Amino acid sequence: MNQNILKKIREKREFSQLSEKDIEMAYAKFQQRQASEEEKIKLAKELLRKIFSVFISKKLLSPKDKEPEWILRKHISTKERLPYYQEIYKRIFKNYKKASVIDLGAGINGFSYNFLPKNTSYTSIESVGQLDELMNFYFKKNKLTGQAVHLSLFEKEKVIEIIKKQKEPRIIFLFKVIDALEAIKKDYSKELISELAPYADRFAVSFPTKSLGNRQSFKAKRNWIVEFIEEKFEILDDFELGGERYLIFRIK
Ligand SMILES: C[S@@+](CC[C@H](N)C(=O)[O-])C[C@H]1O[C@@H](n2cnc3c(N)ncnc32)[C@H](O)[C@@H]1O
């Protein structure tokens, strides 16, 4: 993309380490508008903020050596999930003693490593570089089998390469990330899930059942994704905990 525009967007600390692909796609949504470049940059930043930084406390952008639970409380998604991790992972891992997790759009969910079954290998893919750094620091310091990869989920071929490198059985997490993908490219979640399916033994997808803002649109989106999964996959479990609905499924 135009390096000058990229530079202007990255001036904001919260976007300073955001993958170029996501910035490029967000800006492209406004490129055809009859508006000044400044205005388009402003619109792209607003969209990026909704997708990438609204959920995180600014405290996470300047890494500190804190306990996992402190960090898990600094992100809206993991904060709400914190009381339920044991139950959620028990259900996701049902009938598996060991598996490789690939957590797509992970945020800081890698800090829930200790709730996973012992010896799980954990790989996350996350576009916000500071969050990857934070997780990698934690994995290294505690000698955990974890890695956080700085990559956009729109770089599908690279995502597939990373997944293929992980030992089977593989469980793919997509927690509260579908809305973000759809905001940039309509129907991309379907495309991504379908193309990753041959490499996944199981998927665990979640979405919020209540939102701070627009309730109606959340309801519509929920029906849409559930129908797609029901049609193409075998659902192994479907439950709601802490304002989040989880669907666990595999290829038919
Ligand atoms: C609502 S948060 C959920 C975080 C985490 N999955 C959880 O539930 O705890 C959405 C996350 O997806 C990431 N994300 C959104 N679009 C992405 C993309 N195209 N590539 C990689 N990560 C993305 C955001 O940076 C953010 O961390």
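In the predicted model, L174 is in contact with L104, G105, F203 and V205, residues up to four places away in sequence being left out of account; contact here denotes C-beta atoms, placed from the backbone, within 7 Å. Residues are numbered from 1 along each chain as its sequence is written. Because the model is predicted, local features require pLDDT of at least 70 and side-chain atom pairs pLDDT 80 or more, whereas totals for chains, interfaces and linings use all residues.

L174 also ranks, with L104, F173 and A204, among the residues with the most contacts inside the largest nonpolar core, which has 33 residues. Such a core is a set of buried Ala, Val, Leu, Ile, Met, Phe, Trp, Tyr and Cys residues joined through C-beta atoms within 7 Å, buried meaning that 20 or more other C-beta atoms lie within 10 Å of the residue's own. Strand β4 contributes the largest share of this core, five residues. A second, separate core comprises 22 residues, including I51 and M135.

An open sheet of mixed pairing contains seven strands in the order β3-β2-β1-β4-β5-β7-β6. Strands are DSSP runs of E with at least two residues, and helices runs of H or I with at least four, numbered from the N terminus; pairing requires at least two DSSP bridges. β3 (146-150) and β6 (233-241) each have a single partner strand and stand at the edges, so one side of each lacks a neighbour in the sheet.

Within the sheet, β4 (residues 170-175) and β5 (residues 202-208) run parallel and are joined by five bridges; I171 has R202 of β5 as its bridge partner.

Note on methods
Buried ≥ 20, exposed ≤ 12 C-beta atoms within 10 Å, placed from the backbone. Contact = placed C-beta atoms within 7 Å.
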